[in-house]
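Colleague: I'd like a close look at one small part of this protein. Could you pick a residue and walk me through its surroundings?

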Amino acid sequence: MHSPPRMRKPLAVLLLLSFLFILLASCSTLRETYREPKQFEVQNLVNEQGLTLLADTTVEVNKILLVKDENNFGYYVTTVREPEEELVYSNIMTNLSDAPLIYIAVASGDPYIAGVLIQDETILESADAVMLTMSDGTEIEHPLTEQGGAILKGSPEQGSHLVSISVLDSAGSEIFNFKP
């Protein structure tokens, strides 16, 4: 026994609508993901913003850039949102000063991240690394770049704060100390 012809058309329409609903639902569930920026994406941002790149490091899918321009020093936190391939960033900057050493850090977070820039040429000639000492006794050390910059990452105890920044020579001896 055959169905009346009128019944096939509504069934076909129902199947087509169901298929379209499933197709649209699957398209709308695309989730944004993030990835670390590629070197050319970082370089484009640096050029567009008129920055000098002093150092960089990676934290998960973020590239942290230590930068300066004519008047400011700080860091950019960058990532790429997919599937749009959109470079997104935030920055924390401070004014440059005449101080021999300047730094910038966020008081909380895991990892703790600080940027340091040695501006004094005499210190920079002998400098090899910088070391942060935190109030909980944690020491975070990192080599300096040729431009005198360093990004330091660590995991001090919650509530710990920066006590001092030491500039070290290649033998590990302290050649300059800064207490914020």
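What follows is a look at one loop residue and the strands around it.

Colleague: Take S160, then: where is its place, is it buried or exposed, and which residues does it touch?

Modeller: Sure, and keep in mind that this is a predicted model. S160 sits in the loop between β10 (149–154) and β11 (162–168). Its relative accessible area is 10%, and since anything under 20% counts as buried, S160 is buried. Leaving aside residues up to four places away in sequence, S160 touches M134, S135 and D136. With D136 there is also a polar link to look at: a polar atom of the S160 side chain lies 3.3 Å from the backbone nitrogen of D136.

Now step back to β10, the strand on one side of that loop. β10 belongs to an open sheet of three strands, ordered β6-β7-β10 and paired antiparallel. β6 (101–105) and β10 are the edge strands, each pairing on one side only. From one strand to the next, the twist averages 20 degrees. The partner of β10 is β7 (residues 112–118), and the two pair in the antiparallel sense over six bridges. If you want a spot to centre your view on, A114 stands opposite L152 in β10.

For the wider setting, the protein has three helices and twelve strands. Of its 180 residues, 33% are buried, and S160 is one of the buried ones. As for contacts with a separation of 6 or more, 46% are between residues 24 or more positions apart. The accessible surface comes to about 11,300 Å², with 53% of it belonging to carbon and sulfur atoms.

Conventions:
Residues are numbered from 1 along each chain as its sequence is written. This is a predicted model: local features need pLDDT of at least 70, side-chain atom pairs count only at pLDDT 80 or more; totals for chains, interfaces and linings use all residues. Side-chain values use heavy atoms; hydrogens and water are left out. Helices (H or I, at least four residues) and strands (E, at least two) are DSSP runs, numbered from the N terminus. Buried means under 20% relative accessible area, exposed over 50%, partly exposed in between (1.4 Å probe, protein chains only). A polar contact is a pair of N or O atoms within 3.5 Å; within protein, one must be able to donate a hydrogen and the other to accept it, and residues adjacent in sequence count only if both atoms are side-chain atoms. Contact means heavy atoms within 4.5 Å. Two strands pair if DSSP finds at least two bridges between them. Axes are lines fitted to C-alpha atoms, for helices over the stretch in contact, and angles run from 0 to 180 degrees between N-to-C directions. Accessible areas come from the Shrake-Rupley method with a 1.4 Å probe; for residues, only the protein chains shown count as cover.
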